[in-house]
Amino acid sequence: MNYDKENIFAKILNGEIPCDKVFENDYVLSFKDINPKAKTHLLIIPKEPFIDISDFLQNADKLYLSNFWASVDEIINNLGFRDQGFQIKTHKGKDGGQEVFHFHLHLLANV
Ligand code: AMP
């Protein structure tokens, strides 16, 4: 499977489609899920074009991986979530429930 440059998150990244942005740096963009499954439901996406978590873990270089996860931690800290419960989920492949084929994390919390 090749990365589809027309996927909806690619269009959010290039500004074609708006999003409710909560965080952005050189590595990631985070915005509110349009169909929230919890009181807080954010999506965190890399700015680089990875299809899913396997593509990301196999093909992102070590520095990018490190900066990505540091950015996730920064978002968690900004939200004040380090000291409470939350969920991070990702779907991989159609069989895994993935609908948008640009790697993303779901960050969910009931606060
Ligand atoms: P997944 O099943 O992991 O691929 O989930 C894709 C997620 O993207 C779903 O939770 C959708 O509600 C969300 N989503 C789709 N389009 C948008 C959009 N334009 N802005 C924000 N979230 C979106």
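Here are some notes on this predicted model, going from the ligand site to two buried residues and then to the salt bridges.

1. Let's start with the ligand. It has 16 residues around it, and the closest are Asp33, His91, Glu99, His104 and His106. That is a good set of side chains to bring up on screen before reading on.

2. Now the polar atoms around the ligand. Asp33 places a polar side-chain atom 2.5 Å from a ligand oxygen. His104 has a side-chain N or O atom 2.6 Å from an oxygen atom of the ligand. With Gly97 the backbone does the work: one of its polar backbone atoms is 2.8 Å from a ligand oxygen. As for cover, the ligand on its own would expose 510 Å², and the protein buries 88% of that.

3. Next, His102, which sits in the loop between strand 4 (87-89) and strand 5 (105-109). Is His102 buried or exposed? Its relative accessibility is 0%, so His102 counts as buried, the cut-off being under 20%. The side chain of His102 also has a polar partner, the side chain of Tyr3, at 2.6 Å.

4. What packs around His102? Leaving aside residues up to four places away in sequence, His102 touches Tyr3, Asn7, Phe9 and Leu13, and also Ile45, Pro46, Glu48, Pro49, Phe50 and Ile51. Tyr3 thus turns up both in this contact list and as the polar partner of His102.

5. Ile44 is worth a look too. It belongs to strand 3 (residues 40-46), and with a relative accessible area of 0% Ile44 is buried. Again setting aside residues up to four places away in sequence, the contacts of Ile44 include Val28, Leu29 and Ser30, then Phe68, Val72 and Ile75, and finally Phe103, His104, Leu105 and Leu107. Note that His104, one of the closest residues to the ligand, is among those touching Ile44. If you want a distance to check, the C-alpha atoms of Ile44 and Lys92 are 15 Å apart, with their positions 48 residues apart along the chain.

6. On to the first two strands. Strand 1 (residues 21-24) and strand 2 (residues 28-32) are paired antiparallel over three bridges, and a three-residue hairpin connects strand 1 to strand 2. Within this pairing, Glu24 faces Leu29 of strand 2. Leu29 is also one of the residues that Ile44 touches.

7. How many salt bridges does the model have? The count is five. One of them joins Lys11 and Glu6, with N to O at 3.7 Å. Glu6 has 51% relative accessibility and so counts as exposed, the cut-off being over 50%.

8. Glu24 deserves its own point. It forms a salt bridge with Lys21 at 2.6 Å, N to O, and another with Lys47, where the closest N and O atoms are 2.7 Å apart. Because Glu24 lies in strand 1 and Lys47 in the loop between strand 3 and helix 2 (53-59), this pair ties together parts that are 23 residues apart in sequence. Lys21, Glu24 and Lys47 are linked in a salt-bridge network.

9. Finally, how open is that network to the outside? Lys21 is partly exposed at 48% relative accessibility, Glu24 is partly exposed at 40%, and Lys47 is partly exposed at 29%.

Methods
Residues are numbered from 1 along each chain as its sequence is written. This is a predicted model: local features need pLDDT of at least 70, side-chain atom pairs count only at pLDDT 80 or more; totals for chains, interfaces and linings use all residues. Side-chain values use heavy atoms; hydrogens and water are left out. Helices (H or I, at least four residues) and strands (E, at least two) are DSSP runs, numbered from the N terminus. Buried means under 20% relative accessible area, exposed over 50%, partly exposed in between (1.4 Å probe, protein chains only). A polar contact is a pair of N or O atoms within 3.5 Å; within protein, one must be able to donate a hydrogen and the other to accept it, and residues adjacent in sequence count only if both atoms are side-chain atoms. Contact means heavy atoms within 4.5 Å. Two strands pair if DSSP finds at least two bridges between them. A residue is near a molecule or strand if one of its heavy atoms lies within 4 Å of it. Accessible areas come from the Shrake-Rupley method with a 1.4 Å probe; for residues, only the protein chains shown count as cover. A salt bridge is a side-chain nitrogen of Lys or Arg within 4 Å of a carboxyl oxygen of Asp or Glu.
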